[in-house]
Amino acid sequence: MGNTLPNTLSKTEVQILQDSTVFTKEQIQQLYEHFKELTRGQEYIKLSVLKEGLAKHGITYDEKFIESLFYAFDTEGRGKINLQQFCSGLSIITKSNTDEDKLQLIFSMYDQAGRDAVSRDDLVTAFHSMRRALSGMRLDKEKGEPESAEDREGIVKYVNEVFDKVIEIRKDSPEDPIHKGYMSYEDFKVCIKYHPLVIELGSVFLSDTCKPVFCTPDVSNSALQKKRSSSFRRTYKR
């Protein structure tokens, strides 16, 4: 058991969180109350809390991918998220898709092995999980329609196109990790110029999974506006 949280934040603590996030004082107070509820009054959110929250909201997920989502918030790699990390992560989600912090957060989410690089398998698993959560697996499940082989093959084809594009761009840099099957963060920033869906889908996924689990309705509706994308299915089912 960790230390228990005080009933309220001090003015200094609120100011620090306000200065480092996009949230107002009122929203920070709301997030703090929700944080205490999620942690049952303890100082940290653990991975089990995220999994329970996703299940409660009917969001299906791949185990390994959700762990990488959690550790994208857990910037210190301690297996738990404190209030500052909680608010900072949610704040980053609200930023534009060109914001450096947001790019790094999404890259970390895709980097499932924590190697500071993303493999083809990492991206296939990520897209598969996000497809399940965002584009109808809950509805398909109700209808008894599993994800089709065509869908799975389409994801693999699209990921190969993404990697092949970076390989083409880095053809004169044989030392680049892309030639060993791994995309570095710098390669990732190059890839999204040609395949913006890679960042757009990650952004929507973060908003739609973290918002219902981590946010109160008031904060969710004002600061984390939902940005759904219907282009994913069209892109990988060409």
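A disulfide is a pair of cysteine sulfur atoms within 2.5 Å. Keep that in mind for the first exercise, and remember throughout that this is a predicted model.

## Exercise 1: Cysteines

**Task.** Find how many disulfides the structure holds, and decide whether Cys87 and Cys191 are buried or exposed.

**Solution.**
- Step 1. Apply the definition above: the structure holds 0 disulfides.
- Step 2. Recall the cut-off: a residue is buried under 20% relative accessible area and exposed over 50%.
- Step 3. Cys87 has a relative accessible area of 1%, so Cys87 is buried.
- Step 4. Cys191 is at 1% relative accessibility, so Cys191 counts as buried too.

## Exercise 2: The chain as a whole

**Task.** Describe the protein chain by its helices and strands, its buried share, its contacts and its surface.

**Solution.**
- Step 1. Start with the elements: the protein chain has 13 helices and 4 strands.
- Step 2. Move on to burial: 48% of the 238 residues count as buried.
- Step 3. Take the contacts with a separation of 6 or more: 66% of them join residues 24 or more positions apart.
- Step 4. Finish with the outside: the accessible surface is about 12000 Å², and carbon and sulfur atoms make up 49% of that.

## Exercise 3: Aromatic pairs between two helices

**Task.** Work out how the rings of Phe107 and Tyr185 are arranged, then do likewise for Tyr110 and Phe188.

**Solution.**
- Step 1. Know what to look for: a pair of aromatic rings is described by the distance of the centres and the angle of the planes.
- Step 2. Count the pairs: there are 8 aromatic pairs. In one of them, Phe107 and Tyr185 have 5.4 Å from centre to centre and 65° between the planes. Planes over 60 degrees apart count as edge-to-face, and that is the label for this pair.
- Step 3. Place the residues. Phe107 belongs to helix α6 (residues 100–110) and Tyr185 to helix α10 (residues 185–194), so their pair ties together parts that are 78 residues apart in sequence. Both Phe107 and Tyr185 are buried.
- Step 4. Turn to Tyr110 and Phe188. Their ring centres are 6.1 Å apart and their planes stand at 75°, so this pair is edge-to-face. Tyr110 is in helix α6 and Phe188 in helix α10, again 78 residues apart, and the pair links distant parts of the chain.
- Step 5. Check burial: Tyr110 is at 0% relative accessibility and therefore counts as buried, while Phe188, with a relative accessible area of 1%, is buried as well.
- Step 6. Join things up: ring pairs link Phe107, Tyr110, Phe127, Tyr158, Tyr185 and Phe188 into a cluster.

## Exercise 4: The nonpolar core

**Task.** Find which helix gives the most residues to the largest nonpolar core, and list what Phe214 touches.

**Solution.**
- Step 1. Size the core: the largest nonpolar core has 62 residues. Those with the most contacts inside it are Phe86, Met109, Tyr110, Phe127, Phe188 and Phe214.
- Step 2. Name the helix: α11 (residues 197–214) gives the most to this core, with 9 residues.
- Step 3. Leave out residues up to four places away in sequence, and Phe214 touches Leu31, His34, Leu38, Ile45, Leu50, Phe73, Phe86 and Leu90.

## Exercise 5: Two loop residues and two lysines

**Task.** Decide whether Arg40 and Asp116 are buried or exposed, and say which rings Lys80 and Lys165 lie over.

**Solution.**
- Step 1. Locate Arg40 in the loop between α2 (25–39) and β1 (45–46). Arg40 has a positive phi of about 55° although it is not a glycine.
- Step 2. With a relative accessible area of 66%, Arg40 is exposed.
- Step 3. Locate Asp116 in the loop between α6 and β3 (118–119). Its phi is also positive, about 60°, although Asp116 is not a glycine.
- Step 4. Asp116 is at 61% relative accessibility, so Asp116 counts as exposed.
- Step 5. Now the lysines: Lys80 lies over the face of Tyr44, 4.3 Å from the ring centre, and Lys165 lies over the face of Tyr194, 4.6 Å from the ring centre.

Key: Residues are numbered from 1 along each chain as its sequence is written. This is a predicted model: local features need pLDDT of at least 70, side-chain atom pairs count only at pLDDT 80 or more; totals for chains, interfaces and linings use all residues. Side-chain values use heavy atoms; hydrogens and water are left out. Helices (H or I, at least four residues) and strands (E, at least two) are DSSP runs, numbered from the N terminus. Buried means under 20% relative accessible area, exposed over 50%, partly exposed in between (1.4 Å probe, protein chains only). Contact means heavy atoms within 4.5 Å. Accessible areas come from the Shrake-Rupley method with a 1.4 Å probe; for residues, only the protein chains shown count as cover. Rings of Phe, Tyr and Trp (its six-membered ring) pair if their centres lie within 6.5 Å; planes under 30 degrees apart count as stacked, over 60 as edge-to-face and the rest as tilted. A charge sits over a ring if NZ of Lys or CZ of Arg is within 6 Å of the ring centre and within 35 degrees of the ring normal. A nonpolar core is a set of buried Ala, Val, Leu, Ile, Met, Phe, Trp, Tyr and Cys residues joined through side-chain atoms within 4.5 Å.
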